[in-house]
Amino acid sequence: MKLELKFFASLREALKVSEESISVPTSVKTIAELRKYLADRGSPWAEVLADGKVLRCALNHQMVDASTPLQEGAEVAFFPPVTGG
Amino acid sequence: MPIRIQEKDFDISTEVAALRQGDPRVGAVVSFLGTVRDMNEGSEVQELTLEHYAGMTEKALEEILSQAKSRWDIYQALVIHRIGPLFPEDQIVLVAVTSAHRGEAFAACEFIMDYLKTAAPFWKKENTPEGARWVDARVTDDAAMARWEKK
């Protein structure tokens, strides 16, 4: 499955990447599985996406939880809790 | 329901006047203005940079205004949020709501602001004498939002 990834704020800086097009294996079906798949890339991904880190995720511009299924061609964004206003 | 995300400053009087212009049903306008403080978490803030998720931000704010309109009897609502570099005393955000009566306008304005704080994808980075740092989300913001979910 092909996905467009986006990273913002402290995640973008720590990973040194703001966007990436990837193709994930069929075993990666949910947001949680994608997070694990990316964390398995090793440092700095493992630290930034570690289980204990509080992150938010959006699928096609909608905030979603970790159990949400991925969709072919979706834009998936990871970012820290928001601090606007 | 106007939504604007912009680097440039805004004039609150002009915005409020435009929001209620030509609508004689309006009997109440409530506005909230957020500005840059010079202190946060015990450190002097010299500069603030606001990042956002272009594309999602607009949708999140539209959803917030649409929920406010479905919950309260309001006529118009406006959100202007600045991005880019900002300095102490600068204006960051304006929320304004028009209604026939003040109760609905006060509640809707507070709801929009509380919701924006927890759901709109903006992030602040501060420059302080100790270095640059990303602002941490506040538990009190989640608590403020949770109040509305109970109702």
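A short exchange on chain B and its contact with chain A follows.

Modeller: Keep in mind that this is a predicted model.

Biologist: How do you know that the size of chain B agrees with a compact globule?

Modeller: Set the radius of gyration against the rule. With 151 residues, a compact globule would come out near 15 Å. Chain B has 16 Å, so the two agree. Along the principal axes, its C-alpha atoms fill a box of roughly 50 × 35 × 30 Å.

Biologist: Which elements make up chain B?

Modeller: Four helices and ten strands. Their order along the sequence is β-α-β-β-β-β-α-β-β-β-α-β-β-α.

Biologist: How do you know that helix α3 of chain B has the span expected of its residues?

Modeller: Helix α3(B) covers residues 102-119, which is 18 residues. At 1.5 Å a residue, they should span 26 Å. The end C-alpha atoms are 25 Å apart, so the span agrees.

Biologist: What makes Phe111(B) in α3(B) a buried residue?

Modeller: The cut-off is 20 or more other C-beta atoms within 10 Å of its own. Phe111(B) is listed as buried, as are others of α3(B), including Ala108(B), Ile112(B) and Lys117(B). Over the whole of chain B, buried residues make up 31% of the 151.

Biologist: How many residues does each chain give to the contact?

Modeller: Chain A gives 14 and chain B gives 21. On the chain A side, α1 (9-15) and β5 (75-79) each supply at least two residues.

Biologist: What kinds of residue form the side of chain A that touches chain B?

Modeller: Nine are nonpolar, five are polar and none is charged.

Note on methods
Residues numbered from 1 in each chain as written. Chains lettered and ligands numbered in written order. Predicted model: local features only at pLDDT ≥ 70, side-chain atom pairs only at ≥ 80, totals over all residues. Rg over C-alpha atoms; globule rule 2.2 N^0.38 Å. Buried ≥ 20, exposed ≤ 12 C-beta atoms within 10 Å, placed from the backbone. Contact = placed C-beta atoms within 7 Å. Nonpolar A, V, L, I, M, F, W, Y, C, P; charged D, E, K, R; others polar. Expected span 1.5 Å × (residues − 1).
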